[in-house]
Amino acid sequence: MTARPAKLIAVGALALVLSACGHKERPRTDLAASKVTTIGVNAYLWRASLETLSFMPLLQTDSNGGVIVTDWYANPQNPGERVKVTVSILDQDLRADAIRVAASRQVAQAGNWVDAPVQAATVQKLEDIILTKARDLRRQTIKG
């Protein structure tokens, strides 16, 4: 991660603090919002991950460790293929490198499930969707 996003966040936080120097008392907003709940990971990434994977059956969730594991899911329109996803949230901060998605894919061949490669773009797309949802949730919380 480059220093530029961190600088933008710092400048935004400074602007917010300076804007509060007026005569009226304004409520403070935590821009980082990394400790919104008592779970061990970023609450926005956690909620966004659960929402993104809500169509898949969940096998395991650990909010303290930041791990979500789905069970195998087969799209009804393509029953000869199934996927399983693991999301790991690695930090309490809302950062692009604070989330890691891993996926497994199997295809049906002669009545058996056989491992098949997962396109890297699929995993990247899931990470992007989760990050976008997490940022949207954060924006909604800050707006009140």
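**Helix H2 and the residue just before it**

Hi everyone, let's start with a pair of helices: H2 and helix H3, which covers residues 120-143, pack with their axes 8 Å apart and at an angle of about 125°. That angle makes H2 oblique to H3. The crossing of H2 past H3 is right-handed. Before I go on, please keep in mind that this is a predicted model.

So who touches whom? On the H2 side, the residues in contact are Tyr44, Leu45, Arg47, Ala48, Ser49, Glu51 and Thr52. On the H3 side, they meet Leu126, Ile129, Ile130, Leu131, Lys133, Ala134, Leu137, Arg138 and Thr141. Sorted by class, this contact between H2 and H3 has nine nonpolar residues, three polar ones and four charged ones.

Now let me walk you to the start of H2. Asn42 sits in the loop that links helix H1 (3-19) to helix H2 (43-52). Is Asn42 buried or exposed? Asn42 is buried, because its relative accessible area is 0%, and buried means under 20%.

What does the side chain of Asn42 reach? One partner is the backbone nitrogen of Leu45, at 2.9 Å. Another is Tyr44: its backbone nitrogen lies 2.9 Å from a polar atom of the Asn42 side chain. You may remember Tyr44 and Leu45 from a moment ago, as both are among the H2 residues that meet H3.

One last thing about Asn42: its C-alpha atom is separated by 4.2 Å from that of Gln92, although these two residues are 50 residues apart along the chain. Thanks for listening!

Methods
Residues numbered from 1 in each chain as written. Predicted model: local features only at pLDDT ≥ 70, side-chain atom pairs only at ≥ 80, totals over all residues. Heavy atoms only, no water. Helix = DSSP H or I, 4+ residues; strand = E, 2+ residues; numbered from the N terminus. Buried < 20%, exposed > 50% of the residue type's maximum accessible area, 1.4 Å probe, protein only. Polar contact = N/O pair within 3.5 Å; in protein donor to acceptor, adjacent residues only side chain to side chain. Axes fitted to C-alpha atoms, helices over the stretch in contact; angles between N-to-C directions. Parallel < 35°, antiparallel > 145°, perpendicular 65-115°, else oblique. Left-handed = near helix turned anticlockwise from the far one by under 90°. Contact = heavy atoms within 4.5 Å. Nonpolar A, V, L, I, M, F, W, Y, C, P; charged D, E, K, R; others polar.
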